[in-house]
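User: I am new to this structure and should be grateful for a close look at a single part of it. Please then connect that part to its surroundings.

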Amino acid sequence: MITGEYLDDHFIGSKVGYTTYQGGINFPLWLPGQSRALSNEALGNQAVAEARAQVQKLVTAVRIVTLTSQATLQRETVRNLRHADVLLGNIAHVTAVAYQNGEVSGSDNDAIIAEKEELEGKISDASQSLESIQSDIQALTGSDEIPDLLSLSGHILEGRNMALDIEKDPRVRLAEAVRKLSKASYAVVRHSQIPNPRIGVMVSRQEQYESPWDTQVGVQLQIPLPSSARNTPREMKAVRAMAAADRDTILARRKVQTEYRQIHTRFRSSLITLQHSKATNAALQKRADNLEKAWKMGEAPIIEYLRARRSALEAQQRASQANVVWHTAMIRMMLLTGETP
């Protein structure tokens, strides 16, 4: 810090002619251990910033996987609905011709038309939902292209370590970095009980008629006194920050372990659900095809066929959903264990 003063009695009309110039420069001094403590705190802030960046990457990856899962499911829904609409369209054409020839009743023809209109309404709703999700994907990635989630197979897990290493999780690393930073900040407070002392040089020049001196040089030393009113609140704040950081570290570990168990359970259960839903879908699709043949031969009513086709569509939707859930759980588990799909 640089200081300067100028005193002159001419401003008040004095005839003595007394003038003084004073100036000085001083520098702060490190307190014992303060330099290392501040250096550790700076490194702690850097570690926290890097850990936050890794956590943000994980959050973004999970968000992309979630949107991809939703978009894939909606795309599969649209595909299933359109397939059912094509099948029903063929039946509607046959029914319309038969109705004109008086071979089927008007109620049967109306039932087919109503079922087809309902399917087309569902297709419109699902398509709109898909476009909305694609907009969210584009806002996040810059492209509305849906990643091919279903192209990944279970073979991708071969040769990968899917065991959880909790120390590698970005959220645990962030909590640990914050905990270390809180300790470094506490060390800074402990080594800064007083404001930094200052040492410097000052020069004074006096100009007065017949003065026996004109210039003086001296040393300046400032040593502030410690104050409990200043230090106690700072120490208590640092202690509370350390306690909060310790608590958050424990909670982060518990949260990651719980999430891993949940995702691992979901992965195993979704695989079982997928197997059963595929078998159910195949059986109900076969039943619907058989009832279609029976209806064409006059052996089954049209309402029974429509119910069978609706059940088959629902089974196909459940199978598609189970497939998406299984792939999503697989990718989430890979992200959680630090593996990149």
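The request that follows concerns the largest cavity and the helices around it. Which residues line the largest cavity, and how much space lies in it?

Analyst: The model is predicted, so local features need pLDDT of at least 70 and side-chain atom pairs count only at pLDDT 80 or more, while totals for chains, interfaces and linings use all residues. Residues are numbered from 1 along each chain as its sequence is written, and side-chain values use heavy atoms, with hydrogens and water left out.

A cavity is a set of points, on a 1 Å grid over the protein atoms alone, where a 1.4 Å probe fits but cannot get out; lining residues have an atom within 4 Å of a point. Grid points are joined across faces, edges and corners, and a volume is the space filled by probe spheres set on the points. The count is 2 cavities of 30 Å³ or more.

The largest cavity holds about 80 Å³ of space. Its lining is formed by A84, L88, E115, E118, L119, K122, R309, R310 and L313. Helices α1, α2 and α5 each give two or more residues to this lining; helices here are DSSP runs (H or I, at least four residues), numbered from the N terminus. The greatest contribution to the lining comes from α2, with 4 residues.

The helices can now be taken in turn, beginning with α1, which spans residues 34-100. D85 is in helix α1, and D85 counts as buried because its relative accessibility is 14%. Buried means under 20% relative accessible area, exposed means over 50%, and partly exposed is in between (1.4 Å probe, protein chains only). Between the C-alpha atoms of D85 and E118 there are 9.6 Å, although the two residues are 33 apart along the chain. E118 also belongs to the cavity lining. A92, likewise found in helix α1, is buried at 15% relative accessibility. The C-alpha atom of A92 is separated by 6.8 Å from that of I113, a residue 21 positions away along the chain.

Helix α2 covers residues 106-141. Within it, E120 and K116 are 4 residues apart, about one turn of the helix. Their side chains meet in a salt bridge, with 2.6 Å from N to O. A salt bridge is a side-chain nitrogen of Lys or Arg within 4 Å of a carboxyl oxygen of Asp or Glu. E120 is partly exposed, because its relative accessibility is 33%. UniProt, in an unreviewed entry, places a "coiled-coil region" at residues 109-136; its positions are given in the numbering used here, feature names are shortened, and annotations may be inferred rather than shown by experiment. In the model, the span 109-136 is 100% helix and 0% strand, and its end C-alpha atoms lie 41 Å apart.

Helix α5 is joined by salt bridges to helix α4. E259 forms one such bridge with R332, with the closest N and O atoms 2.8 Å apart. This pair links distant parts of the chain, since E259 is in helix α4 (residues 228-296) and R332 is in helix α5 (residues 302-336), 73 residues apart. E259 and R332 are both buried. The side chains of E304 and R287 form another bridge, at 3.5 Å from N to O. That pair too links distant parts of the chain, with E304 in helix α5 and R287 in helix α4, 17 residues apart. E304 counts as partly exposed because its relative accessibility is 29%, and R287 is also partly exposed, with a relative accessible area of 37%. Elsewhere, E167, E176, R179 and R253 are joined into one network by salt bridges that share partners. The structure holds 17 salt bridges.

Returning to α1, this helix also borders an open space. A pocket is an open set of points with protein on both sides within 12 Å along at least five of seven lines. The second largest pocket has a volume of about 200 Å³, and α1 (34-100) and α3 (170-190) each supply at least two residues of its lining. Among the lining residues are L43, A47, E50, P170, R173 and E176; E176 is also part of the salt-bridge network described above. Also in helix α1 is Q34, which is buried, with a relative accessible area of 4%. Q34 and V189 are 155 residues apart in sequence, and their C-alpha atoms are 8.8 Å apart in space.
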